[in-house]
Amino acid sequence: MKILVSSCLLGEDVKYDGGNNSIALNPKVSFSLKELFMDILCENEIYSFCPEVSGGLKTPRTPAEIVKRDKPFIVQTQNGEDVTINFLLGAKKALDLCIEEDIKVALLKANSPSCGNIKTYDGTFTNTLIESQGLSAKLLKENGITVFNEEELKELSKFIKTNK
Ligand code: SF4
């Protein structure tokens, strides 16, 4: 199965601070989950994608949060710079890739203002998570793509088995 995966989860240094969110090398992730992750990588066709980099943002970059969640969306950095267009562009490119390659499922980084599928930070830069989706995750879901995060590897594995 074709799966879109957040590049940072694969260990690519695209995170805002110049690092990554590697699942395989994260000491906090259990060995059995790492094994499951590696099975998913080896048994499927993986498309690595970072919406923020694809939207034209540099790495490292100032962290950003969604400050307005209804259209027109507003995404700002901690310094007050408006980066909404970069986030929208990244989301559109993610969707375009899924349509072009007929990708129906994505594994995206939890809590990110682009990739978060369930929660994101609330826009106050106080480390406060709320029920809300990142702009890429939201656009993908609105277009019928099923989105999981790295805390839902078992659910993703089940999805793959039942949709083969
Ligand atoms: Fe990872 Fe998504 Fe943030 Fe890129 S935009 S660094 S893929 S969470």
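Lys 58 is exposed, with 69% relative accessible area. The residue sits in the loop that runs between helix H2 (51-54) and strand S3 (64-68). This is a predicted model. The ligand takes up the space of the largest pocket, and 14 residues surround the ligand. The points below cover the ligand site, two helices, selected residues and the backbone.

**Lys 58 and its loop**

- Lys 58 counts as exposed because its relative accessible area, 69%, is over the 50% cut-off.
- Val 14 is 44 residues from Lys 58 along the chain. Their C-alpha atoms are separated by 8.5 Å.
- The loop between H2 and S3 also holds Pro 60.
- The peptide bond joining Thr 59 and Pro 60 is cis, with omega at about -5°.

**The ligand site**

- Among the 14 residues around the ligand, the nearest are Cys 8, Cys 50, Glu 52, Lys 109 and Cys 115.
- The shell around the ligand is mixed in class: six residues are nonpolar, four are polar and four are charged.
- The space that the ligand takes is the largest pocket.

**Helix H5**

- H5 spans residues 153-162. Its buried residues are Leu 153, Leu 156, Ser 157, Phe 159 and Ile 160.
- These residues lie on the same side of H5, because they cover an arc of only 160° around the axis.
- An α-helix has 3.6 residues a turn, so residues three or four places apart point the same way.
- The other side of H5 has exposed residues: Lys 154, Lys 158, Lys 161 and Thr 162.
- The buried residues of H5 pack against two kinds of element. The strands are S1 (2-6), S5 (105-108) and S8 (146-149). The helix is H1 (31-43).

**Helix H4**

- H4 covers residues 135-142. Leu 135, Ser 136, Ala 137 and Leu 140 are buried in this helix.
- Gly 144 follows H4 and has a positive phi, near 85°.

**Pro 51 in helix H2**

- Pro 51 lies in helix H2.
- Pro 51 has a relative accessible area of 5%. It counts as buried because that value is under 20%.
- Beyond four places in sequence, Pro 51 touches Asn 86, Gly 90, Ala 91, Ser 114, Cys 115 and Ser 136.
- Of these contacts, Cys 115 is also one of the residues that come nearest the ligand, and Ser 136 is a buried residue of H4.
- Met 38 is 13 residues from Pro 51 along the chain, yet their C-alpha atoms are separated by 23 Å.

**Ser 48 in strand S2**

- Ser 48 belongs to strand S2 (residues 45-49).
- Ser 48 is partly exposed, at 31% relative accessible area.
- Leaving aside neighbours within four places in sequence, Ser 48 contacts Val 5, Ser 7, Leu 10 and Glu 12.
- Val 5 is 43 residues from Ser 48 along the chain. The C-alpha atoms of the pair are separated by 5.0 Å.

**Ala 110 after strand S5**

- Ala 110 is placed in the loop between S5 and S6.
- Ala 110 is buried, at 4% relative accessibility.
- Its contacts, not counting neighbours within four places in sequence, are Gly 116, Asn 149, Glu 150 and Glu 151.
- Gln 133 is 23 residues from Ala 110 along the chain, and their C-alpha atoms are separated by 9.3 Å.

**Backbone exceptions**

- Most residues other than glycine have a negative phi, and most peptide bonds are trans.
- Asp 102 is not a glycine, but its phi is positive, about 55°. Asp 102 is in the loop between helix H3 (84-101) and S5.
- Phe 125 is not a glycine either, and its phi is positive, about 55°. Phe 125 is in the loop between strand S6 (119-121) and strand S7 (129-131).
- Phe 125 is partly exposed, at 26% relative accessibility.
- Lys 71 is joined to Pro 72 by a cis peptide bond, with omega near -5°. Pro 72 is in the loop between S3 and strand S4 (74-77).

Conventions:
Residues numbered from 1 in each chain as written. Predicted model: local features only at pLDDT ≥ 70, side-chain atom pairs only at ≥ 80, totals over all residues. Heavy atoms only, no water. Near = heavy atom within 4 Å. 1 Å grid on protein atoms, 1.4 Å probe; cavity = no way out; pocket = protein on both sides within 12 Å on 5 of 7 lines; lining within 4 Å. Sits in = over half its atoms within 2 Å of the grid points. Nonpolar A, V, L, I, M, F, W, Y, C, P; charged D, E, K, R; others polar. Buried < 20%, exposed > 50% of the residue type's maximum accessible area, 1.4 Å probe, protein only. Helix = DSSP H or I, 4+ residues; strand = E, 2+ residues; numbered from the N terminus. Arc of directions from axis to C-beta. Contact = heavy atoms within 4.5 Å.
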